[in-house]
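Student: Could you walk me through this protein chain, one piece at a time? I would like to learn how to read it.

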Amino acid sequence: QYKYERVKIQSNAEVANNIYKLVIECNHEAKPGQFYMLRGWDNELLLGRPISVHDVQDGLTSFLYEVRGKGTKILSTLETGYRIEIFGPHGKGFNTNVKGKVAVVTGGIGIAPMYYTIKALKNAQIDLFAGFRDEVYLIDDLKDFISSSYVATNNGRIGHKGFITDIFNPWEYNLVLCCGPEIMMEKIVRMCRDYKTPVYVSMERHMACGIGACLVCTCKTKDGNKRVCKDGPVFSGEDVFL
Ligand code: FES
């Protein structure tokens, strides 16, 4: 049932303060918004970490992750050539077969899955609204795929000083895709509701199995509790209770 496989790390490097990019030799063609469980240790008691897919290209899959605790700390030390254990891809991601004006709204490392998602939104006109605490990353890599980008930082180092929700206009868009801290997603969903703009959010939870069996990752929706790993991580903002 738990089919971890070992694949080779092509690179694993810090790209911004505490933010790492891991590239592995893996050609599963994961869909935007899906995730893998990653494990870079032999201790069975330390569970794999769910990390969203950042990009898939030329037989390589990449992940952009923030070091937050023991698991991600170990992941950040793994070197080129190490055979990391991966299990996935899992979950229901974003529907990218859409047209019209799409706003992608992110907070912090929530921008990670949106790189692959934005690249897949080939028929849409995309504006990116990205909020960061301090350091800004990834925006330059996305400029070929988007119409405009708007940045906010908490300290005003780059872009708007404050929150990305201060400068986001839901009424201009046919669809909003959102990934970031729950408090930010809650605000975005509320703003979209006021203007009847459809919005999808990518939820984050601690996970153990990653395949819908253990129920540690549930979130509340209007249809009862759902598993973020299997029923999500992407949910309609109309359905999920934030
Ligand atoms: Fe086990 Fe989601 S992590 S059900």
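Here is our conversation about this predicted model.

Student: Which residue ranges make up domain 1 and domain 2?
Tutor: Good place to start! The domain assignment splits the protein chain in two. Domain 1 covers 5–90, and domain 2 covers 100–236.

Student: How many residues does each domain give to the contact?
Tutor: The C-alpha centres of domain 1 and domain 2 lie 21 Å apart. The elements giving two or more residues on the domain 1 side include β1, β3 and β4. By class, that side has 13 nonpolar, 7 polar and 2 charged residues. As for the counts you asked for, domain 2 gives 17 residues and domain 1 gives 22.

Student: Which strands stand at the edges of the sheet that contains β1, and why do they count as edges?
Tutor: Let's read the strand order: β4-β3-β7-β1-β2-β6-β5, an open sheet of 7 strands with antiparallel pairing. An edge strand here has a single partner, so one of its sides is left without a neighbour in the sheet. The strands in that position are β4 and β5.

Student: Which residue of β4 is the bridge partner of Y36?
Tutor: β3 and β4 run antiparallel and are joined by 4 bridges. In a regular strand, side chains alternate between the two faces of the sheet. Along β4, R49 and I51 point one way while P50 and S52 point the other, and all are buried. The partner of Y36 is I51.

Student: Which residue in β2 stands opposite I9?
Tutor: Strand β2 takes in residues 19–25. It runs antiparallel to β1, and 6 bridges join the two. Opposite I9 stands I24.

Student: What angle does helix α2 make with β5?
Tutor: Helix α2, residues 112–120, packs on this sheet and touches β4, β5 and β6. Comparing the direction of α2 with that of β5 gives about 50 degrees.

Student: How is the other sheet ordered, and which are its edge strands?
Tutor: This open sheet also has 7 strands, in the order β11-β10-β9-β8-β12-β13-β16, and its pairing is mixed. Within this sheet, β8 and β9 run parallel, joined by 8 bridges, and V102 has I126 as its bridge partner in β9. The strands that pair on one side only are β11 and β16.

Student: Which residues of α4 are buried?
Tutor: Helix α4 has 13 residues, and its 19 Å reach is close to the 18 Å expected. The helix packs on the sheet, touching β8, β9, β12 and β13, and these strands are among what covers its buried residues. Those buried residues are M184, M185, K187, I188, V189 and C192.

Student: Which residue just after α4 takes a positive phi?
Tutor: Look at the stretch that follows the helix. A phi of about 55 degrees is found there, and the residue that takes it is K196.

Student: Is T197 buried or exposed?
Tutor: T197 is found in the loop between α4 and β13. Leaving aside neighbours within four places in sequence, T197 is in contact with P170, W171, Y173, V176 and C192. A residue needs 20 or more C-beta neighbours within 10 Å to be called buried. T197 has 21 inside 10 Å, so it counts as buried.

Student: How far apart are the C-alpha atoms of T197 and R68?
Tutor: Along the chain, T197 and R68 are 129 residues apart. In space, the separation of their C-alpha atoms is 33 Å.

Key: Residues are numbered from 1 along each chain as its sequence is written. This is a predicted model: local features need pLDDT of at least 70, side-chain atom pairs count only at pLDDT 80 or more; totals for chains, interfaces and linings use all residues. Domain bounds come from an automatic or database domain assignment. Two residues are in contact if their C-beta atoms, placed from the backbone, lie within 7 Å. Ala, Val, Leu, Ile, Met, Phe, Trp, Tyr, Cys and Pro count as nonpolar, Asp, Glu, Lys and Arg as charged, and the others, Gly among them, as polar. The expected span of a helix is 1.5 Å times one less than its number of residues. A residue is buried if 20 or more other C-beta atoms lie within 10 Å of its own, exposed if 12 or fewer, and partly exposed in between; C-beta atoms are placed from the backbone. Two strands pair if DSSP finds at least two bridges between them. Axes are lines fitted to C-alpha atoms, for helices over the stretch in contact, and angles run from 0 to 180 degrees between N-to-C directions.
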